[in-house]
Protein chains: 2
Amino acid sequence: MTNINGNRFELNEYLNFDDAVEAVKWEVDRTLSTSPKIIRQYTQHLVVSRGKFIRTLSLLACAQKEDKMINRNAVNFAAAVELLHLATLVHDDVIDDADLRRGEITLQKKFGKKTAVICGDYLLAVSLELAASVSDKEDYLKLNMPSYVSKVCLGELNQHLNNHNIDLGIMKYLRIISGKTAALFEASFYAGAVLSETDPKRINRYRKLGNNIGMLFQLTDDCMDFEETTEVAKKPVESDYEQGVITLPLIYALKKDEVFKKKAEGKLSRSDINSAVKKTGGLDFTHMLAEKYYKKSLKIIADLELEEDKANKLKFVLDKSYRLI
Amino acid sequence: MTNINGNRFELNEYLNFDDAVEAVKWEVDRTLSTSPKIIRQYTQHLVVSRGKFIRTLSLLACAQKEDKMINRNAVNFAAAVELLHLATLVHDDVIDDADLRRGEITLQKKFGKKTAVICGDYLLAVSLELAASVSDKEDYLKLNMPSYVSKVCLGELNQHLNNHNIDLGIMKYLRIISGKTAALFEASFYAGAVLSETDPKRINRYRKLGNNIGMLFQLTDDCMDFEETTEVAKKPVESDYEQGVITLPLIYALKKDEVFKKKAEGKLSRSDINSAVKKTGGLDFTHMLAEKYYKKSLKIIADLELEEDKANKLKFVLDKSYRLI
């Protein structure tokens, strides 16, 4: 590894959790701020708009061994997942015509759609390069990161095609978010497990856990769009419908209330939506479903019979995704 | 491998050249027409709009061993390169607002920019998956395909940023096309060489050969935009400038003719451009440069001291790229 000033910086083969988190942040920043000059002015813009690193925390927790140490290859994998996530956000903003993301002006708004398309491609390629650069190539091959990229793309295409679709069914919606949000969580849990476990059956359970947590993360996100203020959500609320995205609380309301559905053939007002979603129980239904994924996740963590510190870290990620903390 | 009807189809470990070409075409078509239903309607559209498979011919020629046989992994690599090429075309069309490509309506025109962005992402991911699925993982790791993807992205971004830039210099232009067109040729030659050669120095010469051929391919393409009819070029001619792309013949003319450059600050007419490019020798200069790359390429092929059939195949690719055949 080389830091921003070009100095070599060697990671030990094993790191503790906190050092690993710092190393991932450092690696992501380094990649964004030392990319070729031509792309740096755009990617630099992304350094400040980082999220909660929830995928990194997941991956590192899964990668933690019995002695609480983490193979340094987890740092590469986590940075790769964060950059892949960033790439999908950049292209997502192009697709959604979004001006703001987490209160920051988007790359597509600031520099134009064309630049954003290429920057997203670049971030995607760099993410895959970073994953490929781990010292243990077997682990890299097992991960098969491109397959997660195509899954996420399909999820995005599916969501885009169902924008404004007031006939979107519940099962289909769950399939879409399983491909989109949950696939990236699954990749994080899988990559971590590959570094700490050998039994394919156990590795598969981590994978499932990742998918479940991804599902409840998205469903909780859907609910937040209806009930919270911008300050609490740290993202613009009441914006999904305005961007054409039909999420589960609304899907449920459209299914239960025929008068409301008839009205939805035209343009709905926010107060129409919010009251229908509350009245029909769309929010309660979505919360209930998220809770099911939460309980399933708790069970998988228990069944894995992990060392206490690791189990607690996974529960922390779970609670954070469920917005309990 | 599975064909379109789902029947298993096993390739022998080694194939002759013609069978390998067919297998690549079949694999590309299979990937496009058996992609998940949601994406198939778009990718299906691309099946018919295939090019000359020049990158496949290059890769397979490089992969040919002394006994004229080709490792079947070359089929995966070549199909991956073709799909990557297709992905860049799809995103290129988004960036250039192009309506037509080789006389066919583009994906972005037919289905919209948003769909084209995601389809390009999907093709990119599938291309990388295909490359990763070769039986010999060592060869795959050596190839490091994502690094070529980021190179191509940087080349595209650089080109896009220099659209309409009448001050673009000759060296900078050559660097742009070296990153863009030539990088994909380089990847093809490199991937082939990895499968037929062991000496890193020799493999590096193939790589250089690929870059040279990519350069002369692009420079010849630039010239065709000025001198040929649509029928001969099999692509719309007189279209680069109209799409904002400033190519070498025009760069040269702008450098040599100050009156013309002054005029270029406004909108140029086609007859202005064509006559300036001829008068200043911009076309001759570009041809001369392409010829230099041609001669360099011939020398590398000779220096490699290849078996006659393989040398002839590489010369065929060279002549085809130079539009001699």
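What follows is a short exchange about charged residues and the chain contact in a predicted model.

Biologist: How many residues does the contact between chain A and chain B take from each chain?

Modeller: The contact takes 34 residues from chain A and 34 residues from chain B. The area buried between the two chains is about 3300 Å², and carbon and sulfur atoms give 78% of that area. On chain A, the helices that each supply at least two residues of the touching side are α2 (37-47), α4 (73-96), α6 (113-132), α7 (137-143) and α8 (145-161). By class, that side of chain A has 21 nonpolar, seven polar and six charged residues.

Biologist: How many salt bridges and how many polar contacts are found between chain A and chain B?

Modeller: The rule finds zero salt bridges across this interface. The count of residue pairs in polar contact is four, with both residues at pLDDT 80 or more. Over all chains, the structure holds 30 salt bridges.

Biologist: What makes A:R30 and A:E27 a salt bridge?

Modeller: Their side chains meet with N to O at 2.7 Å. The cut-off is 4 Å between a side-chain nitrogen of Lys or Arg and a carboxyl oxygen of Asp or Glu, so the pair qualifies. A:R30 and A:E27 are three residues apart in helix α1 (residues 17-33) of chain A, and therefore about one helical turn separates them.

Biologist: Why are A:R30 and A:E27 called buried or exposed?

Modeller: Buried means under 20% relative accessible area. A:R30 is at 19%, so A:R30 counts as buried. A:E27 is at 2%, so A:E27 counts as buried too.

Biologist: Which salt bridge links distant parts of chain B?

Modeller: The side chains of B:D221 and B:R323 meet in a salt bridge at 2.8 Å, N to O. B:D221 lies in helix α11 (residues 200-227), while B:R323 lies in the segment after α17 (308-321), 102 residues apart. B:D221 has a relative accessible area of 15% and is therefore buried. B:R323 has 24%, which falls between the 20% and 50% limits, so B:R323 is partly exposed.

Biologist: How do you know that B:D303 and B:K299 form a salt bridge?

Modeller: Their closest N and O atoms are 2.8 Å apart, and the limit is 4 Å, so the pair counts. B:D303 and B:K299 are four residues apart in helix α16 (residues 282-303) of chain B, about one helical turn. B:D303 is partly exposed, with a relative accessible area of 37%. B:K299 has 53%, over the 50% limit, so B:K299 is exposed.

Biologist: Why does A:E156 have no salt bridge with A:K180?

Modeller: A:K180 is the nearest side chain of opposite charge, but A:K180 is 5.6 Å away. A salt bridge needs a distance within 4 Å, so the pair does not qualify. A:E156 is nevertheless buried, and lies in helix α8 of chain A. Leaving aside neighbours within four places in sequence, A:E156 is in contact with A:T88, A:D92, A:K180 and B:I118.

Biologist: What is the phi of A:E305, and why is A:E305 called exposed?

Modeller: Phi of A:E305 is near 45 degrees, a positive value in a residue other than glycine. A:E305 sits in the loop between α16 (282-303) and α17 (308-321) of chain A. Its relative accessibility is 70%, over the 50% limit, so A:E305 counts as exposed.

Definitions and conventions:
Residues numbered from 1 in each chain as written. Chains lettered and ligands numbered in written order. Heavy atoms only, no water. Contact = heavy atoms within 4.5 Å. Buried area = accessible area lost by both parts, 1.4 Å probe. Polar contact = N/O pair within 3.5 Å; in protein donor to acceptor, adjacent residues only side chain to side chain. Nonpolar A, V, L, I, M, F, W, Y, C, P; charged D, E, K, R; others polar. Buried < 20%, exposed > 50% of the residue type's maximum accessible area, 1.4 Å probe, protein only. Lys, Arg positive; Asp, Glu negative; His and termini not counted.
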